[in-house]
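Student: I should like to learn how the terms used for a protein model are justified. May we look at one together?

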Amino acid sequence: MHRRINRTFGGYSLKFSLLEHLRDASSSGTDAGINSSGALELDTVWHAWIKYSCIVQIQTKRKTANLFRKMICLLFLFHCAAGVLSSSTQVATIYPQDPALPIGSSLTATCSVNPDHGIHAGSLYWTLNGKRLPSSTYSILSPTVLSITLPRLSGSRQRSGDNLVCHNSGGHVLAGSCIYVGMPPEKPVNLTCWSRNTKDLTCRWAPGGQGETFIKTKYTLKYKLRWYGREKECEDYSTGEPYTCYIPRDLALFTPYEIWVEASNQLGTATSDVIYLDILDVVTTDPPTDVTVSRVGDLEDQLTVRWGTPPALKDFLFQAKYQIRYRLEESSDWKVVDDVGNQTSCRLAGLRPGTVYFVQVRCNPVGILGSRKAGIWSDWSHPTAASTPHSERLLTGSCDSKVGQQNSTLRRDLKQFFGWVRKHAYGCSGMSIKLYDQWRVWLQKSHKTRNQVLQGDKS
């Protein structure tokens, strides 16, 4: 029969398991290696551990090297925290042991010393998280029992619990208890899930209320097929993001799931609302591949963006919607083009001449395998950079103010007209782009001609 010892000392949890004979070996007082302070002598521990190791080796046939490592690790713990081991000899006990209390509660705890060790309660003192507590909070209930009262407790400073420890006059640890002070969890909220390429499922949620309970709260994602099937638990919470769980395989298509989250700690439990979803309705893809951005001839205010369909979904029957966003090199503000449709290229117009732009594309699968719901937008592709050509009008100026005044009205009217065309172009409409290109080419040629004439007149 094993005796399980679980005590916390100085913020560190020491957990170890020995056979019952270790307790028997240490229960006989000084002869078994208990000194006057109640600490367990190392030679007793060593002999008991050798006997325990032999039994383990015979019963489990573990490898010698692995057993040796365990012996060294356990002996190190005994050496570093010999005072803590006194709890295995019942030198003293604390009541209540590891209580869980709501914030604002008061706690009265007692440290009861084994009378066989001749330790008087008046020589004891208490610490909380390593800090000595004032004697004004103590009460001597009997020669072997010292109590302490902690009023209006605030939330635990560490999620593993606050360490309440009873010491003798020499500072040795006689007994310890973890105090968990916090709040019961509230109902988790904002549960959302998505499937990457129909192969897996990732779900994310947020803790309810203020989120902070001050004590460790366990969140468990559960799911089942809506009309049949047994309840399952998500097991992979190691995604690197909090409140997230990943289901990598064995998911059914064309059948809705029920999914919910349960939150629990020592003070209670709470369950989120159940969501119902079909994997095909929450599909997201990898970002579009092979994104390229190039100039459109000498047009100084345009760039062409091209990309490839996400490779994982090429074999599925679906239509895709794409979005483009772009920004200036020196800016963090993105401008989004929403109406790209199912095309894999688009012309960006109205850009600044001689400027570097960063461009990204993302994809949303629509109608995958007959689903009537829009999918979920993919991540944005890696930024791709390109620059627009420099404007010749900025490099070659005109000194003839009369010519500029004569053409100002025409340029203003053309700007208004083609501004209207671009406004009603609906994204990457081919006709409006062609009209705009023709106007830009004509305008650039007219400026070149005028500049050549002006330079000839000056010569």
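Tutor: In this predicted model, strand E6 (residues 125-128) and strand E10 (residues 162-167) are paired in the antiparallel sense.

Student: What makes strand E6 and strand E10 count as a pair?

Tutor: Pairing requires at least two bridges, and four bridges link E6 with E10. In one of these strands, E10, His167 is the bridge partner of Tyr125.

Student: Why are E4 and E7 called edge strands?

Tutor: The open sheet of five strands has the order E4-E11-E10-E6-E7, with mixed pairing. Strand E4 (100-102) and strand E7 (131-132) each pair on one side only.

Student: How do you know that the charged end of Arg132 sits over the ring of Tyr125?

Tutor: The limit for the distance is within 6 Å of the ring centre, together with an angle within 35 degrees of the ring normal. The charged end of Arg132 is 3.8 Å from the centre of the Tyr125 ring, and it is listed as sitting over that ring. Likewise, the charged end of Arg226 sits over the ring of Tyr276, 4.3 Å from its centre.

Student: Why is the aromatic pair of Trp205 and Tyr219 called tilted?

Tutor: Ring centres must lie within 6.5 Å, and planes under 30 degrees apart would be stacked, over 60 edge-to-face. For Trp205 and Tyr219 the centres are 6.4 Å apart and the planes meet at 40°, so the pair is tilted. Trp205 belongs to strand E13 (residues 201-206) and Tyr219 to strand E14 (residues 218-225), so the pair ties together parts that are 14 residues apart in sequence. Both residues, Trp205 and Tyr219, are buried, and with Tyr243 they form one aromatic cluster.

Student: What makes E14 mostly covered?

Tutor: Of the eight residues in E14, seven are buried. E14 is joined to strand E17 (residues 257-265) by eight bridges, running antiparallel, and Thr220 stands opposite Glu262 in E17. Two bridges join E14 to strand E15 (residues 232-233), also in an antiparallel arrangement; there, Lys222 stands opposite Glu233.

Student: How do you know that Arg362 has no salt bridge?

Tutor: A salt bridge needs a side-chain nitrogen of Lys or Arg within 4 Å of a carboxyl oxygen of Asp or Glu. For Arg362, which is buried, the nearest side chain of opposite charge is Asp338, 6.3 Å away, so the criterion is not met.

Student: What makes the approach of Arg362 to Gln323 a polar contact?

Tutor: The cut-off is 3.5 Å, and the side chains of Arg362 and Gln323 make their polar contact at 2.8 Å.

Methods:
Residues are numbered from 1 along each chain as its sequence is written. This is a predicted model: local features need pLDDT of at least 70, side-chain atom pairs count only at pLDDT 80 or more; totals for chains, interfaces and linings use all residues. Side-chain values use heavy atoms; hydrogens and water are left out. Rings of Phe, Tyr and Trp (its six-membered ring) pair if their centres lie within 6.5 Å; planes under 30 degrees apart count as stacked, over 60 as edge-to-face and the rest as tilted. Buried means under 20% relative accessible area, exposed over 50%, partly exposed in between (1.4 Å probe, protein chains only). Lys and Arg count as positive and Asp and Glu as negative; His and the chain ends are not counted. A polar contact is a pair of N or O atoms within 3.5 Å; within protein, one must be able to donate a hydrogen and the other to accept it, and residues adjacent in sequence count only if both atoms are side-chain atoms.
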